[in-house]
Amino acid sequence: MSELAAIAVIAHRDFVKLLRDRLRIIADFALPLTLVLLLGPSLQSGFGSPGGVDLTTFIFTGVLAQTVWQSAALGLISLISDREEDFSQEIFVSPISRYSIVAGKIIGESLVALPQALAILFVGFLIGVPLSVVTLLALLPVVLAMAIYGGAFGILVLSNISSQRTANQIFPFIMLPQFFLAGVFNPIHDLPPALAVLSAISPMRYAVEFVRNVYYGTQPGLVVPETASMPFNLAVIGATFAAFILAGTVLFVRAERNR
């Protein structure tokens, strides 16, 4: 119970920090809402429905998955600010598991991503994306799970980065290519061999495809874009999540001990 309480306290702290940071709220909401509101309908108007796939819906599902996954991953930069302010040293001397500390940070940043997901769902409804009650009920836990998956990736990347400035320089090079390799805006199942390999090792891809598995699986009247099967995507997510969280936590704890 003490471990669960510690996780809850750390997660609550990160969520409260978001509520107090209005500029971050605006920045977090601006890009994904713009992509859903403008990019999807404009591509749909210009290119129609290639293969019968509605581009507005295709981009909506991609942006939904990408936003929560990336938001949680980027949110783990707060670990570095905690380190610079010596807050991480204070919590690391407390009698709780290191994994509980990391879990609290990941869950906190995942909760921060949920309001973005709700806003994207609302905008999708406004522009005519099919969203049944069953679809919404299925998507909400999946979106939270994909945010936690993104947080695990974030802890791995950030575990040995020493400053926020370095993190802010490195993350665009890690995230931006995945927008295209993960199929957020474009199909990825007929890529040239070199790009196909890069796509296969892009973690964001499996978050995007799993969200599409769930969305199109609860909307039987829609033409389904080509994706890997749900069991395959789920297996990859489970295996890589375990690897990210184990390796990231070990490296982060080692970096803290070496300070």
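## H6 against H7

Helices H6 and H7 are oblique to each other, because oblique is what remains once angles under 35 degrees are called roughly parallel, over 145 roughly antiparallel and 65 to 115 roughly perpendicular. Their axes come within 8 Å and cross at roughly 135°. The axes here are lines fitted to C-alpha atoms, for helices over the stretch in contact, with angles running from 0 to 180 degrees between N-to-C directions. The crossing of H6 and H7 is right-handed, meaning the near helix is turned clockwise from the far one by less than a right angle (anticlockwise would be left-handed).

On the H6 side, the contact (heavy atoms within 4.5 Å) uses Val102, Ile106, Ser110, Ala113, Leu114, Ala117, Leu118 and Leu121. H7 brings Leu136, Leu139, Leu140, Val143, Leu144, Ala147, Ile148, Gly151, Ala152 and Ile155 to it. Sorted by class, that gives 16 nonpolar residues, two polar and no charged. Ala, Val, Leu, Ile, Met, Phe, Trp, Tyr, Cys and Pro are the nonpolar ones, Asp, Glu, Lys and Arg the charged ones, and the others, Gly among them, are polar.

## The model as a whole

This is a predicted model, so local features need pLDDT of at least 70 and side-chain atom pairs count only at pLDDT 80 or more, while totals for chains, interfaces and linings use all residues. Residues are numbered from 1 along each chain as its sequence is written, and side-chain values use heavy atoms, with hydrogens and water left out.

The protein has 11 helices and zero strands. Both kinds of element are DSSP runs numbered from the N terminus (helices are H or I with at least four residues, strands E with at least two). Of the 259 residues, 48% are buried, where buried means under 20% relative accessible area, exposed over 50% and partly exposed in between (1.4 Å probe, protein chains only). Among contacts with a separation of 6 or more, 79% link residues 24 or more positions apart. The accessible surface adds up to about 12,100 Å², and carbon and sulfur atoms hold 71% of it; these areas come from the Shrake-Rupley method with a 1.4 Å probe, and for residues only the protein chains shown count as cover.

## H3 joins in

H3 (residues 55-75) packs on H6 (residues 98-126) at an angle of about 160°, with the axes 8 Å apart. That makes the two helices roughly antiparallel. Their crossing is right-handed. Phe60, Val63, Leu64, Thr67, Val68, Ser71, Ala72 and Gly75 of H3 meet Glu109, Ser110, Ala113, Gln116, Ala117, Ile120, Leu121 and Gly124 of H6. The contact of H3 with H6 counts nine nonpolar, six polar and one charged residues.

H3 also meets H7 (residues 133-158): their axes come within 6 Å and cross at roughly 40°. H3 and H7 are therefore oblique to each other, and H3 passes H7 in a right-handed crossing. From H3, the residues are Leu64, Val68, Trp69, Ala72 and Ala73. H7 answers with Leu139, Val143, Met146, Ala147, Tyr149, Gly150, Gly151, Phe153, Gly154 and Leu158. By class, the H3 and H7 contact has 12 nonpolar, three polar and no charged residues.

## Two buried residues

Arg212 sits in helix H10 and, at 4% relative accessibility, counts as buried. Setting aside residues up to four places away in sequence, Arg212 touches Phe58, Thr61, Gly62, Gly183, Val184, Gly217, Pro225 and Thr227. Its C-alpha atom is 9.6 Å from that of Leu139, although 73 residues separate the pair along the chain.

Ser202 lies in the loop between helix H9 (193-200) and helix H10 (203-217). With 2% relative accessibility, Ser202 is buried too. Residues up to four places away aside, Ser202 touches Gln178, Leu181 and Ala182.

## Two partly exposed residues

Pro115 belongs to helix H6 and is partly exposed at 27% relative accessibility. Beyond its neighbours within four places in sequence, Pro115 is in contact with Phe15 and Phe29. The C-alpha atoms of Pro115 and Val68 are 9.4 Å apart, with the two positions 47 residues apart along the chain.

Gly238 is in helix H11 (residues 230-257). A relative accessible area of 39% makes Gly238 partly exposed. Tyr149 is 89 residues away along the chain, yet its C-alpha atom is 8.7 Å from that of Gly238.
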